Amino acid sequence: MSESKKFILQEKDIPQAWFNIIPSMPVKPLPMLNPSTGEPLKAEDLYPLFSKEAADQEMNFSDSWIEIPEPVRELYKIWRPTPLVRARGLEKALDTPAHIYFKNESVSPVGSHKLNSAIPQAFYCKQQGVTNVTTETGAGQWGAALSMACKMFGLELAVYMVKISYNQKPYRRSIMQTYGAEVIASPSMSTRAGRDIITAHPNYQGSLGTAISEAVELAMSTPNCKYALGSVLNHVALHQTVIGLEAEKQMEMAGEYPDTVIGCFGGGSNFSGISFPFLRHNLHDGYKTRFIAAEPASCPKLTRGVFSYDYGDEAGYTPMIPMLTLGHNFSPANIHAGGLRYHGAGAVVSRLREDKIIDAVDIPQLESFNAATVFAKAEGIIPAPESAHAIAAAIREALSAKEAGEKKVILFNLSGHGLIDMTAYDRYFAGDLSNYEVPDSEIEANTASLKKI
């Protein structure tokens with residue numbers, strides 16, 4: 001078992017401001033487009049859907065640092081700062097000269113990094129006098145986090161949970177209900193978007209794009225209600241930068257600096273959170289750190305997607321986002337990493353990927369679960385299937401360093417634990433899981449109508 005070393009910060013070390021990477025980017029992301037007019041989106045276009053502060057943060061291309069409100073910092077103190085761990089057990093298991101570190105976001109009350117954005121989004125809604133909130137969730141990590149955050153601020157929450165995860169992960173559903181949220185399997189009969197999809201595809205097991213459509217529709221038709229999003233958009237990535245900002249201080253405590261930074265990738269929240277604070281040193285100070293987004297081979301938008309304007313949801317309610325996409329109608333395979341089953345990447349990450357500032361790899365499902373079990377045996381932590389993709393990419397890098405005889409420093413984000421994902425592990429151990437790879441023809445057909453940028 002692990003002889004790993006933890007690097008612990010104090011409450012005073014919780015960041016005072018989030019880091020906004022957009023002003024540092026050599027090429028700024030293209031604007032989102034209003035789906036009704038086709039014109040570049042303005043912050044006020046988002047006010048009917050999001051809290052005003054979230055909308056303003058979304059469109060902030062000028063301020064590198066945005067202050068964290070004191071009530072949010074006080075709630076962060078429940079679990080932050082999170083530990084940075086030198087994974088000596090994993091290093092030993094791999095017999096690698098690489099030094100492997102992970103930021104352990106699984107220690108939050110809901111078991112993942114998602115609370116970093118759920119608390120400020122709920123706070124901004126409460127501050128504005130909002131009473132009701134809607135959202136979507138894939139694996140349930142975001143839904144659980146927002147359920148807790150809404151309860152803290154006395155807000156009512158409705159969560160559209162992707163149907164395959166609703167059935168695969170009943171205990172995540174129970175967590176949301178424990179905090180008082182209403183949880184609806186998506187697609188559902190409660191919205192026009194859901195009814196249309198069920199009518200066309202009666203056995204459809206859902207996608208994040210579908211669940212977003214339903215949550216947006218409910219928010220827009222419910223008085224005094226706003227929508228909150230757990231990934232993809234700029235303001236969500238912004239809130240998650242507390243992860244990397246803490247990790248910077250902790251790497252300094254360890255006396256090292258990462259050669260490689262890795263996060264799993266669904267919509268981009270945890271990859272951005274661990275990466276962007278370190279990436280600013282590449283952009284401003286000439287550092288050469290490599291950044292790797294690890295996505296599932298069954299949903300490979302960063303590695304095989306088309307860079308185009310596309311909707312963020314299936315029904316076409318959201319703004320048009322300049323994104324690497326598999327097409328908003330893409331139906332992802334029913335892999336257990338439900339939080340990574342999203343058709344596109346946010347505008348910022350897509351721009352960084354197009355400009356070759358970040359890298360991406362796709363990880364087959366069986367490789368991710370194999371990596372998860374290697375990590376669990378070495379470090380004692382059972383990771384969420386999503387986090388297992390980052391672990392798999394880190395193991396690839398560590399074995400590459402071994403082959404080359406390089407002493408590489410690798411940092412990855414352990415974005416959540418898998419203690420409520422044991423059904424997936426049961427199926428893995430029984431040999432019931434398989435890999436899914438999307439045929440080129442399916443991607444081409446699904447993106448044929450999109451105009452490439």
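**Exercises on cavities and a sheet**

In this predicted model, the second largest cavity is lined by 14 residues, with L229, L233, T318, P319 and I321 lying nearest its centre.

**Exercise 1.** Determine the volume of the second largest cavity and the classes of residue in its lining.

*Solution.* The volume is about 130 Å³. Sorted by class, the lining comprises 12 nonpolar residues, two polar residues and no charged residues.

**Exercise 2.** Describe the largest cavity and identify the elements that line it.

*Solution.* Begin with the inventory: the structure holds six cavities of 30 Å³ or more. The largest cavity has a volume of about 350 Å³. Its lining consists of 31 residues, and K114, G230, S231, S269 and G339 are those nearest the centre. By class, this lining has 11 nonpolar, 17 polar and three charged residues. Next, assign the elements: strand 6, helix 6, helix 10, helix 13 and helix 17 each supply at least two lining residues. The largest share, three residues, comes from helix 13.

**Exercise 3.** Establish the strand order of the open sheet of seven strands, and explain why strand 1 and strand 14 each have one side without a neighbour in the sheet.

*Solution.* The order is 1-4-5-15-10-11-14, with mixed pairing. Strand 1 (5-7) and strand 14 (359-363) stand at the edges and have a single partner strand each, so one side of each lacks a neighbour in the sheet. From one strand to the next, the twist averages 25 degrees.

**Exercise 4.** Characterise the pairing of strand 10 with strand 15, and locate helix 12 relative to the sheet.

*Solution.* Strand 10 (residues 260-264) and strand 15 (residues 409-414) run parallel and are joined by three bridges. T260 has I410 of strand 15 as its bridge partner. Helix 12 (residues 242-254) packs on the sheet, where it touches strand 1, strand 4, strand 5 and strand 15. The direction of helix 12 makes about 140 degrees with that of strand 5.

How values were computed: Residues are numbered from 1 along each chain as its sequence is written. This is a predicted model: local features need pLDDT of at least 70, side-chain atom pairs count only at pLDDT 80 or more; totals for chains, interfaces and linings use all residues. Side-chain values use heavy atoms; hydrogens and water are left out. On a 1 Å grid over the protein atoms alone, a cavity is a set of points where a 1.4 Å probe fits but cannot get out, and a pocket is an open set with protein on both sides within 12 Å along at least five of seven lines; lining residues have an atom within 4 Å of a point. Grid points are joined across faces, edges and corners, and a volume is the space filled by probe spheres set on the points. Helices (H or I, at least four residues) and strands (E, at least two) are DSSP runs, numbered from the N terminus. Ala, Val, Leu, Ile, Met, Phe, Trp, Tyr, Cys and Pro count as nonpolar, Asp, Glu, Lys and Arg as charged, and the others, Gly among them, as polar. Two strands pair if DSSP finds at least two bridges between them. Axes are lines fitted to C-alpha atoms, for helices over the stretch in contact, and angles run from 0 to 180 degrees between N-to-C directions. Contact means heavy atoms within 4.5 Å.
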